[in-house]
Amino acid sequence: MMIPRWRYIGIAAGFVFLLHLLASIHPTYRATTSPFNLLPSGGWKSGQPPDSAVPKWGGEGLPSADDLRDDAALDGRRRANAVFVVLARNSDLWPFLDSMRQMEDRFNHWAKYDYVFLNDDDFSDEFKRYTQSMTKAKCHYGKIEPDHWHQPEWIDEEKATKAREEMIRKKVIYGHSVPYRNMCRFNSGFFYRHPLLADYDYYWRIEPSVKFFCDLNYDPFLVMKDEQKVYGFTLSLYEYIETIPTLWDAVKEFIQEHPDYLPEGNAMQFLSDDGGETYNKCHFWSNFEIGDLNFWRSEPYTEFFDYLDKKGGFYYERWGDAPVHSIGAALFAKKEQIHWFEDIGYRHEPFQHCPQGEAHTRGNCWCDQGNNFDFEWYSCTKRYVDMF
Ligand code: GDP
Ligand code: MN
């Protein structure tokens with residue numbers, strides 16, 4: 001019986017496919033088709049990962065986290081003494097893995113910075129297992145000491161309860177919540193004192209359910225270090241005044257007592273349109289922060305935090321760590337030391353910063369450039385840009 005001609009073509013195509021399949025199992029074939037070969041042939045420019053930052057194990061099963069860390073240490077890339085900081089509950093595990101996977105894919109798979117996870121409770125084995133399995137860097141897990149977390153004894157609970165009830169009436173977001181207030185106070189004045197962070201100089205804060213849109217092919221920690229930056233942000237906006245009605249009064253009192261803490265050329269202009277008389281409510285959005293831990297540990301900020309804490313506003317109002325950090329950075333650093341990471345595409349609901357133009361292409365960003373909060377009416381980033 002005659003076999004029709006198209007059958008021959010089919011058989012030949014099948015044979016070629018089979019050959020490819022077999023060849024792809026062969027190590028030399030694998031090497032030439034590896035996605036790592038898409039890296040620039042001449043290696044990376046300075047500040048970017050060298051080819052050797054690409055994991056290079058093979059053969060005997062999978063490498064342990066420690067094997068890979070050694071690899072990173074040996075690859076000769078200049079690093080900062082830096083770490084990711086994550087405050088989370090066990091129930092934040094899955095939403096956090098979403099953020100962490102993106103951080104690893106966009107940056108940390110080659111940078112290999114460690115993570116410090118902090119919690120007011122013990123982290124579960126499940127939380128530890130899944131987070132550590134997401135990265136080749138090392139994860140450290142710490143418990144927050146009760147005094148750094150809970151409402152202090154000397155807070156007048158009756159006054160605090162009344163304040164919360166009033167905020168519920170006014171429908172202020174998180175107005176009812178004591179844990180949220182603990183969190184804001186902890187992030188404002190305690191996270192950088194945790195023993196697990198003692199040996200680090202720089203941190204990058206990551207929250208659950210955020211998005212990182214673009215590949216990072218340089219190390220932002222080295223930008224901080226090399227250019228003596230103390231605070232890095234992506235988004236800024238106005239604070240709800242109901243949460244901070246007396247914060248600026250406290251700030252002004254503090255400035256009057258310690259005028260020497262404010263350097264020439266600070267960023268007061270970002271905070272106030274009348275030379276410090278009133279607060280315009282602008283702050284950097286602290287769910288994203290790349291910062292200098294030693295800046296928070298310095299005398300001016302330490303004194304500042306203690307001063308604010310004694311006012312009780314974290315509980316009698318609902319002072320957020322975003323305005324507190326922003327005011328601290330804007331007053332006690334020079335404006336050039338605050339850095340806008342314009343090429344880091346980032347989203348925390350409901351706002352996003354999407355890099356524009358060339359930066360979008362460079363980072364292979366996947367955000368819509370038309371969806372960008374930078375110069376919307378509710379953003380303060382124009383005020384930041386206008387300072388320079
Ligand atoms: P929002 O961004 O202001 O809406 O606040 P989030 O709910 O995202 O909380 C800010 C950060 O603090 C996140 O990283 C949370 O995981 C963390 N967080 C909030 N409340 C608690 C808490 O009670 N315990 C712990 N351990 N972490 C918390
Ligand atoms: Mn959040």
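This is a short walk through one predicted model, from the overall fold to a metal site, two helix pairs and a few single residues.

I'll start with the chain as a whole. The protein chain has 388 residues, and 51% of them are buried. Its secondary structure comes to 17 helices and 12 strands. If you take the contacts with a separation of 6 or more, 78% of them join residues 24 or more positions apart.

Next, the metal. Which residues coordinate the manganese ion, ligand 2? Glu207 does so through OE and His348 through NE2, at 1.9 to 2.2 Å. Glutamate 207 sits in the loop between β4, residues 202–205, and β5, residues 211–212, while histidine 348 belongs to strand β11, residues 346–348, so the pair ties together parts that are 141 residues apart in sequence. Is each of these two buried or exposed? Glutamate 207 has 18% relative accessibility and counts as buried. Histidine 348 is buried too, with a relative accessible area of 18%. The cut-off for buried is under 20%.

Staying by β11, there is a backbone feature to point out. The peptide bond from glutamate 349 to proline 350 is cis, and its omega is near 0 degrees. Proline 350 is in the loop between β11 and β12, the latter being residues 351–353.

Now the helix packing. Two packed helices are described by the angle between their axes and the distance between the axes. I have two pairs to show.

The first pair is α10, residues 247–257, with α15, residues 321–332. Their axes come within 12 Å of each other and cross at roughly 30 degrees. That makes α10 roughly parallel to α15, the limit for that label being angles under 35 degrees. The crossing of α10 past α15 is right-handed. On the α10 side, the contact is made by Leu247, Trp248, Val251, Phe254 and Ile255, and on the α15 side by Pro323, Ile327, Leu331 and Phe332. What is the class make-up of the contact of α10 with α15? Nine residues are nonpolar, with no polar and no charged ones.

The second pair is α4, residues 93–111, with α5, residues 125–132. Here the axes are 10 Å apart and the helices pack at an angle of about 15 degrees. So α4 is roughly parallel to α5. α4 passes α5 in a right-handed crossing. From α4, the residues in the contact are Leu93, Trp94, Phe96, Leu97 and Met100, and they meet Glu126, Phe127, Tyr130 and Thr131 of α5. By class, the contact of α4 with α5 divides into seven nonpolar residues, one polar and one charged.

Moving on to single residues, I'll take a buried position in a strand. Isoleucine 338 is in strand β10, residues 338–340. Its relative accessibility is 1%, so isoleucine 338 counts as buried. What does isoleucine 338 touch, leaving out residues up to four places away in sequence? The list is Tyr231, Phe233, Ala267, Phe284, Ala329, Ala330 and Tyr384. From isoleucine 338 to tyrosine 202 is 136 residues in sequence and 14 Å in space, C-alpha to C-alpha.

A similar distance can be given for a loop residue. Serine 298 lies in the loop between α12, residues 293–297, and α13, residues 299–311. With 22% relative accessibility, serine 298 counts as partly exposed. Serine 298 and alanine 333 are 35 residues apart along the chain, and their C-alpha atoms are separated by 11 Å.

Last, two lysines for anyone checking backbone torsions. Lysine 171 has phi near 55 degrees, a positive value in a residue other than glycine. Lysine 171 is in the loop between α7, residues 157–169, and α8, residues 178–189. At 73% relative accessibility, lysine 171 counts as exposed.

The second is lysine 281. Its phi is positive as well, about 75 degrees, although lysine 281 is not a glycine. Lysine 281 is placed in the loop between α11, residues 268–271, and β8, residues 282–284. Lysine 281 has 28% relative accessibility and counts as partly exposed.

That is the end of the tour.

Terms used: Residues numbered from 1 in each chain as written. Chains lettered and ligands numbered in written order. Predicted model: local features only at pLDDT ≥ 70, side-chain atom pairs only at ≥ 80, totals over all residues. Heavy atoms only, no water. Donors = N, O, S within 2.8 Å, 3.2 Å for Na, K, Ca; no water. Helix = DSSP H or I, 4+ residues; strand = E, 2+ residues; numbered from the N terminus. Buried < 20%, exposed > 50% of the residue type's maximum accessible area, 1.4 Å probe, protein only. Axes fitted to C-alpha atoms, helices over the stretch in contact; angles between N-to-C directions. Parallel < 35°, antiparallel > 145°, perpendicular 65-115°, else oblique. Left-handed = near helix turned anticlockwise from the far one by under 90°. Contact = heavy atoms within 4.5 Å. Nonpolar A, V, L, I, M, F, W, Y, C, P; charged D, E, K, R; others polar.
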